[in-house]
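Here is a short walk through one chain, starting with its overall make-up and then going residue by residue. Keep the structure open while you read.

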Amino acid sequence: MQTVIIVIHLMLVLALIGVVLLQKSEGGGLVSSTSGFMTGRGTANALSRATALLAAGFFVTSLMLSW
């Protein structure tokens, strides 16, 4: 059971890193403001929601592993 939780935890970690790197920041990032890929307010809201859900999953799996 612990191995399954660890695998899920690692998948959440990798997904969270990817989503955070895709978000637009003031200093730049992987997605620049001039690119046509993933632009608009709807994408920012979707990425913010995805980050929140992945972070919640990360906390839940962390608590499960510590328990």
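The expected span of a helix is 1.5 Å times one less than its number of residues. Keep that in mind for α1, which has 21 residues and reaches 30 Å from its first C-alpha to its last, close to the 30 Å expected. One caveat before going further: this is a predicted model.

**The chain as a whole**

The secondary structure is quickly told: two helices and zero strands. The chain has 67 residues, and 16% of them are buried. Its accessible surface comes to about 5,100 Å², with 70% of that belonging to carbon and sulfur atoms. As for the contacts with a separation of 6 or more, 80% of them are between residues 24 or more positions apart.

**The two sides of α1**

Which residues of α1 are buried? They are Ile 5, His 9, Leu 12, Leu 16 and Val 19. Look down the axis of α1 and these buried residues fall within an arc of 95 degrees, so they line one face of the helix. Turn to the face pointing away from that buried side and you find the exposed residues Thr 3, Met 11 and Leu 14.

Leu 14 also turns up in a nonpolar surface patch of about 300 Å², which it makes with Ile 17 and Leu 21. Ile 17 belongs to α1, and it counts as partly exposed because its relative accessibility is 46%.

**His 9 and Thr 61**

Now for a pair that links the helices. His 9 sits in α1, which covers residues 2–22, while Thr 61 is part of α2, residues 41–66. Buried means under 20% relative accessible area. His 9 has 14% relative accessibility and is therefore buried; Thr 61 has a relative accessible area of 6%, so it is buried too.

What does His 9 touch, leaving aside its neighbours within four places in sequence? The answer is Phe 58, Thr 61, Ser 62 and Leu 65. Seen from the other partner, and not counting residues up to four places away in sequence, Thr 61 touches Ile 5, Ile 8, His 9 and Leu 12. Three of those names should look familiar: Ile 5, His 9 and Leu 12 are among the buried residues of α1.

**Far in sequence, and how far in space**

Three pairs give a feel for how the chain comes back on itself. Each row lists the separation along the sequence and the distance from C-alpha to C-alpha.

| Pair | Apart in sequence | C-alpha to C-alpha |
|---|---|---|
| Thr 3 and Leu 65 | 62 residues | 9.7 Å |
| Val 13 and Phe 58 | 45 residues | 6.9 Å |
| Leu 22 and Leu 47 | 25 residues | 7.9 Å |

The α1 members of these pairs are worth a look for their exposure. Thr 3 lies in α1 and counts as exposed because its relative accessibility is 59%. Val 13 is in α1 as well; with a relative accessible area of 25%, it is partly exposed. Leu 22 is another α1 residue, and it is partly exposed, with a relative accessible area of 29%.

One partner in the table has come up before: Phe 58, paired there with Val 13, is also in contact with His 9. Leu 65, paired with Thr 3, is likewise one of the contacts of His 9.

Notes
Residues numbered from 1 in each chain as written. Predicted model: local features only at pLDDT ≥ 70, side-chain atom pairs only at ≥ 80, totals over all residues. Heavy atoms only, no water. Helix = DSSP H or I, 4+ residues; strand = E, 2+ residues; numbered from the N terminus. Buried < 20%, exposed > 50% of the residue type's maximum accessible area, 1.4 Å probe, protein only. Contact = heavy atoms within 4.5 Å. Patch = residues over 30% accessible without salt bridge, like charges linked within 9 Å, V, L, I, M, F, W, Y side chains within 5 Å. Areas by Shrake-Rupley, 256 points an atom, 1.4 Å probe, with all protein chains shown as cover. Salt bridge = Lys/Arg side-chain N within 4 Å of Asp/Glu carboxyl O. Arc of directions from axis to C-beta.
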